[in-house]
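Got the viewer open? Load the chain, keep the selection box handy, and let's walk through it stop by stop.

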Amino acid sequence: MARKLTAAICLFTLEFTGTSAQTVLTDTLSEVTVTETRHSHTLKSTAPMHVIDRHDMLTLGIADMADALHHLPGITLRDYGGAGGMKTVSVRGFGTKHTGVSYDGVMLSECQSGETDLSRYALDNVAHLTLTIGDNDDIFIPARNVTTPAVIAINTWQMAHDKRQMMTVQVKAGSFGYVSPYLRYDRRLSQNAEMSAIGEFVYAENDYPYTIKNGIETINDRRQNSRMNQGHAEVNFKYEKRRKEFWGKVYYYDNDRQLPGQVFYYSNTSRETLRDRNLFGQFAYQMPWNERLSMKWLGKFNWTASLYDDGMVANWSQDGDYYQREAYTSLCLLYAPHDHWAFDYSADYAFNNLNSSLPTDTRPYRNTVLQSATAKYHTGRLTVMGRLLYSLYLNGARDGEASNDMRRLSPSISLSYALTSCLRLRASYKDIFRAPTFNENYFFHYGNKDLKPEDTQQVNVGVTYAAKAMQHAQRHTELTATADLYYNKVKEMIQGVPYNMFVWTCINIGKVEVLGLDATLKGVHHIGGHTLTASANYSLQQARNRTNEESPYYNNQIAYTPLHSGAASLSWENPWVNLTVSGHRIGERWASNENLDGTRINSYGELNVTAWRQFQVRNTNIELRFDVKNLTDKQYEIVRSYPMPGRSWQMTIRMKM
């Protein structure tokens, strides 16, 4: 029985810690082996969970973070175009600030604007991406990891355990002056210790052509002021012995880029620049105190600088340098007294502060205390999980009046039940709130220290299906499908509408209700040395303004949220050259919450083609890949007045030795 309890604890913790970057989660103890694929884990979860791993990035034709996000249901992407264009997401109509992002198990923090720019995280070093909507089944996690309605988890590569050392060299080149070298070195220092070092650089001119229409006149121009120089480096260390584990990471990011402005008729001029710098170090220590009780301790220090300059405005009145810091720690305790029961208590503390070069700077700071208590009951057919989160935000300002303190008790519950070996039902409810960011409280353009926090509730009911038809060893078919109906409600919603890539205007809508459907379907057919993979996802998001029935804008679709969206791909893996055809379709949207004439953004679709081949030369594994994006050269916008690139190409050479 003790061995079973230990195996259960390992299964709970594997998904969070990211200790394995492989598709299969495996832990072997004396007489006990736990094996589960990440994809099968998502089908059994009590709340919607979707995973994209390294193999999916090939079979789905995913070349960058934007492609990956299109293949996750329920996501609305805001993309400002090109390799350097900022990319933020909202999930199920909640808004970008309600989507948390974790990097190797520790949440990223952006207390200034509350939005994480996912374009800075390239896929070259990513083992898998996981989107969780609501609370998933992993309970041995920090309290901060459950403070948002949805979380995108970025998990990086881990070293292969059968190698002493390994080096990965990659070069990408593509349209519009894009070039990106990447280098990774892994080394096993001893039987129990290993380290890795990563370096990456991206340069792009981003001077792609675009076409806009002004009545009967067609205007052809090229994107200007869009150059990017981006570098990223990180060092990782891991030590594991006798079920005790310590790992640490030091990460640095530097992006010196020009910001392309909005495009108007006969005007494409911008002299804005932005330099983003980010340095953080994080660690985690995990150990079992006995066969039933385990402890995990995490810590992080984060420093971020944003240096903004607008060369179009005299006297530097728009310029601003912003610096934010964070110290964060978390302690988690997992207790598993029985085969079917597990309990977790997590307590987090964070200190954030922000200062800027602006004369109106109040030097705000925030102390955050989070506590979560979670109980989970699991049998072969039934899984039930309940969580209670207590949040306390204590705000202050060194040179001005501070915003209000906030506190809240937030419950959530979810369950999954297997009707048959193939079919499962799931249902979940989560209540959570979002504290206003420093920008929303203090930024001189639109800050309001009396701003109320956003309160959100989400309800989800879904079904998952997985089946495998085996004709013989060389021919079999796998089919998986999910469908989830959801209802979301947001009170005191703060909606961000972009003026440019750095300055936003925030509008408090009041109440928003979202009724939607997410569906996925994937089929894999193996025959001899060939594999055919077809996948598709579809999302319906009816996100309506429900603030005031007397308002002419009542029941309008909120800005930048399409009613219909979806993606599909078809892949053929063979002994010669593997091929993937993929695409996505986004319905029409509005650039304003008022849905006024002239603010409608047309629907668009994009078709992509990918060819790749992997082969071995002595001890070196070589991967060659060629991508053509937007094959039909479709001209479109995701964010109004920011035209997206037309047809482009990218070539990748990757060697592991």
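Start with the whole chain: of the contacts between residues at least 6 apart in sequence, 64% join residues at least 24 apart. Keep in mind that you're looking at a predicted model. Switch on the cartoon and you get 5 helices and 35 strands. Color by burial next: 56% of the 657 residues are buried. Add a surface, and the accessible area is about 27,000 Å², with 57% of that belonging to carbon and sulfur atoms.

For a concrete long-range pair, select Ala63, in the loop between α3 (54-59) and α4 (65-70). Now add Thr610: the two residues are 547 apart along the chain, yet their C-alpha atoms are separated by 8.8 Å. Is Ala63 buried or exposed? Ala63 has 11% relative accessibility, so it counts as buried, the cut-off being under 20%. Show what surrounds Ala63, skipping neighbours within four places in sequence, and you'll find Leu123, Lys172, Arg625, Asp627 and Gln650 in contact with it.

Time for charges. Side chains of opposite charge can pair when their charged atoms come close. How many salt bridges are there in this model? The count comes to 27.

Select Lys97 and Glu115 to see one of them, with the closest N and O atoms 3.3 Å apart. Both ends sit in loops: Lys97 between β5 (87-91) and β6 (99-103), Glu115 between β7 (106-107) and β8 (126-133), with 18 residues separating them in sequence. Lys97 and Glu115 are both buried.

Next, pick Lys249 and Asp104, a salt bridge whose closest N and O atoms are 2.8 Å apart. Lys249 is in strand β16 (residues 244-259) and Asp104 is in the loop between β6 and β7, so this pair ties together parts 145 residues apart in sequence. Hide the surface to see this one, as Lys249 and Asp104 are both buried.

Now jump to Glu513 and Arg546, where the closest N and O atoms of the salt bridge are 3.8 Å apart. Glu513 belongs to strand β27 (residues 504-527), while Arg546 is in the loop between β28 (530-545) and β29 (564-573), 33 residues away in sequence. What about their exposure? Glu513 is partly exposed at 24% relative accessibility, and Arg546 is partly exposed too, with a relative accessible area of 26%. For a network rather than a pair, select Asp117, Arg120, Arg257 and Asp276: salt bridges with shared partners join these four residues into one.

Stay with the loop between β28 and β29 and click on Tyr560. Its phi is positive, about 65 degrees, although Tyr560 is not a glycine. Tyr560 has 5% relative accessibility and so counts as buried.

Then select Ala559 with Asn593: the backbone nitrogen of Ala559 lies 2.9 Å from a polar atom of the Asn593 side chain. Asn593 is found in the loop between β31 (589-590) and β32 (600-601), and with 8% relative accessibility it counts as buried.

Last stop: Arg363, in the loop between β20 (341-356) and β21 (364-378). Check the backbone here, since the phi of Arg363 is near 55 degrees, a positive value in a residue other than glycine. Arg363 counts as partly exposed, at 38% relative accessibility.

Methods:
Residues are numbered from 1 along each chain as its sequence is written. This is a predicted model: local features need pLDDT of at least 70, side-chain atom pairs count only at pLDDT 80 or more; totals for chains, interfaces and linings use all residues. Side-chain values use heavy atoms; hydrogens and water are left out. A salt bridge is a side-chain nitrogen of Lys or Arg within 4 Å of a carboxyl oxygen of Asp or Glu. Helices (H or I, at least four residues) and strands (E, at least two) are DSSP runs, numbered from the N terminus. Buried means under 20% relative accessible area, exposed over 50%, partly exposed in between (1.4 Å probe, protein chains only). Contact means heavy atoms within 4.5 Å. Accessible areas come from the Shrake-Rupley method with a 1.4 Å probe; for residues, only the protein chains shown count as cover. A polar contact is a pair of N or O atoms within 3.5 Å; within protein, one must be able to donate a hydrogen and the other to accept it, and residues adjacent in sequence count only if both atoms are side-chain atoms.
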